[in-house]
Amino acid sequence: MMTEKQLLLARMAAHRARVLRDLIGVDEASFTQVRIYGDWNMAMLLAHLGEYDGFYAQAVLAALDGDLAAHGLDYTPIRDHLVPDRVGDWSLEESVDFMLRARANYVQTLAPVSEDDLRRKQRFNWTFGNKTGKSTKSIYTWTRERFLHDAGHHEDVREWMKKATRQDNAGPRSVMSAALQAASDDFWFSAALLDDAERDKRPVCGHWTLKDVVGHLADCDAYYSHAIGLLLDENPEPLELNDNEDQNEKWVKARARQSFERVKTDALSARQTLLDKLATLGEEELSFPFMGEGVHYPNTYHCFWSALEHYLDHAAVLRRELGVAMPKYLLRFKGPYTD
C-alpha cells in the first residue's frame with residue numbers, strides 16, 4: 001500500500017524531472033545571459049532550488065530532534081531578492097551540483113521520518129529579516145512545499161524558454177547529466193509505490209509487469225550506450241538491435257526467468273554507464289554530427305536526450321496505470337523521442 005511519504009517522494013521527483021527536462025536543448029550561454037526576471041538568470045534559479053531544499057532539510061532535522069520549538073526558523077538567509085548576491089558568481093556547473101546535492105540531502109533527511117512524524121504539528125517562532133511571528137506546520141507540509149516550489153518555478157522556466165536560444169547541437173553537459181539522474185529518480189520513486197508482491201505480476205505497461213519494464217529500461221540503456229559508441233566511432237561492429245516492438249518483446253522474453261533484483265541491478269548499472277560516459281565527453285563529442293547508418297540520432301547529445309525521455313515516459317505510464325493521484329501532466333509524457 002502506498003504511504004504518504006512514498007507519494008510525496010514520487011511527486012517531488014516527478015516535478016524536478018520535468019523542470020530539468022524543459023531545459024534540455026538550450027545553449028549554455030542562455031543559462032547565464034538570459035534573465036528570468038529582475039537580475040536572476042537560470043543558473044541562479046537552479047541554485048535557488050538547492051537553497052530551499054537545504055533550508056527545509058534543516059527544518060526537518062530540527063523537528064525530529066525536538067529543537068524547533070526552542071530555536072524556531074530564520075528565513076532571512078534565503079531571502080529571494082538576495083539570490084544574486086549569494087550565488088551570482090557561481091558557474092552553471094556549480095549551481096547544478098549544489099542543486100543535486102541539496103535534493104539528495106533532503107531525501108536522505110526524510111528517510112527516517114515515520115508516518116506519524118510526517119504529520120505531527122510543529123509550533124515554532126519564525127524570523128524574516130526584522131519581522132517575526134509564530135507558525136504551525138509539519139514535515140509533511142514542508143515536503144509538500146518542495147514540489148509546489150518546483151511547480152511554481154516550472155512556470156518561470158516555461159516563460160524563460162520563450163527567450164532562451166534553442167539549438168540542434170549540445171546543451172550544457174551538467175544540465176543533461178542532472179536531467180538524466182532526475183529522470184531515474186522519477187521512475188524509481190514511482191516504482192516504489194507498487195507493492196513488492198506485485199512487481200512481477202501486475203501489468204503496469206500494456207501486458208508488461210514492473211519487472212518487464214525495468215528489464216526493458218536496462219536493455220534500452222545498453223542500446224543507447226552501444227549507439228553512442230557508434231556515434232563516436234568506438235565500436236566497429238554495427239548495431240544489431242533495434243528499438244522496435246518486436247525487439248522489445250524479444251528482450252522481455254529473454255529476461256523472463258530473471259529475478260526482479262537481477263533486472264533492477266542491470267538497469268541501475270546500465271544507467272550509470274550512460275552517466276559515466278556522458279561525464280567523459282566534451283562539447284565537440286556531444287555535438288559532432290553522425291553521418292553513418294544504424295543510429296537514428298543526429299549526434300551524441302540527442303542519444304542522451306532519447307535516454308532521458310525514455311525514463312520519463314515510463315514513469316508517467318507507471319503512475320497512470322497505478323492510479324496515482326497526481327496532476328494529469330505528470331501522468332503522461334510527450335517529447336521528440338517518445339510516441
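Here is a short tour of a predicted model, from its nonpolar cores to a pocket, a helix and a loop residue.

Residues are numbered from 1 along each chain as its sequence is written. Local features need pLDDT of at least 70 and side-chain atom pairs count only at pLDDT 80 or more, while totals for chains, interfaces and linings use all residues; side-chain values use heavy atoms, with hydrogens and water left out.

Let's start with the cores. A nonpolar core is a set of buried Ala, Val, Leu, Ile, Met, Phe, Trp, Tyr and Cys residues joined through side-chain atoms within 4.5 Å. Buried means under 20% relative accessible area, exposed over 50%, and partly exposed in between (1.4 Å probe, protein chains only). The largest core has 84 residues, and Trp-160 and Phe-187 touch the most other members. Helix H14 (residues 300-322) gives the most to this core, with 12 residues. Helices here are DSSP runs of H or I with at least four residues, strands are runs of E with at least two, and both are numbered from the N terminus. Another core, of 24 residues, lies apart, and Leu-9, Ala-57, Leu-68 and Tyr-140 are among them.

Contacts are next, meaning heavy atoms within 4.5 Å. The table leaves aside neighbours within four places in sequence.

| Residue | In contact with |
|---|---|
| Phe-187 | Leu-210, Val-213, Val-214, Leu-217, Tyr-311, His-314, Ala-315 and Leu-318 |
| Thr-165 | Gly-25, Val-26, Asp-27 and Ser-30 |

Thr-165 sits in the loop between helix H8 (139-161) and H9. With 40% relative accessibility, Thr-165 counts as partly exposed. Although Thr-165 and Val-26 are 139 residues apart along the chain, their C-alpha atoms are separated by 5.7 Å.

Now for helix H11 (residues 245-254), where Gln-247, Asn-248, Trp-251 and Val-252 are buried. These four are on the same side of H11 because they cover an arc of only 140° around the axis, taken from the directions from the helix axis to the C-beta atoms. Strand E5 (208-209) and helix H10 (210-231) are included in what covers them. The face turned away from that buried side carries the exposed residues Asp-246, Lys-250, Lys-253 and Ala-254.

Last comes the lining of the second largest pocket, which has 13 nonpolar, two polar and four charged residues. In this count, Ala, Val, Leu, Ile, Met, Phe, Trp, Tyr, Cys and Pro are nonpolar, Asp, Glu, Lys and Arg are charged, and the others, Gly among them, are polar. Helix H1 (4-21), helix H6 (92-110), helix H9 (173-191) and helix H12 (260-280) each supply at least two residues of this lining. A pocket is an open set of points on a 1 Å grid over the protein atoms alone, where a 1.4 Å probe fits, with protein on both sides within 12 Å along at least five of seven lines; lining residues have an atom within 4 Å of a point.
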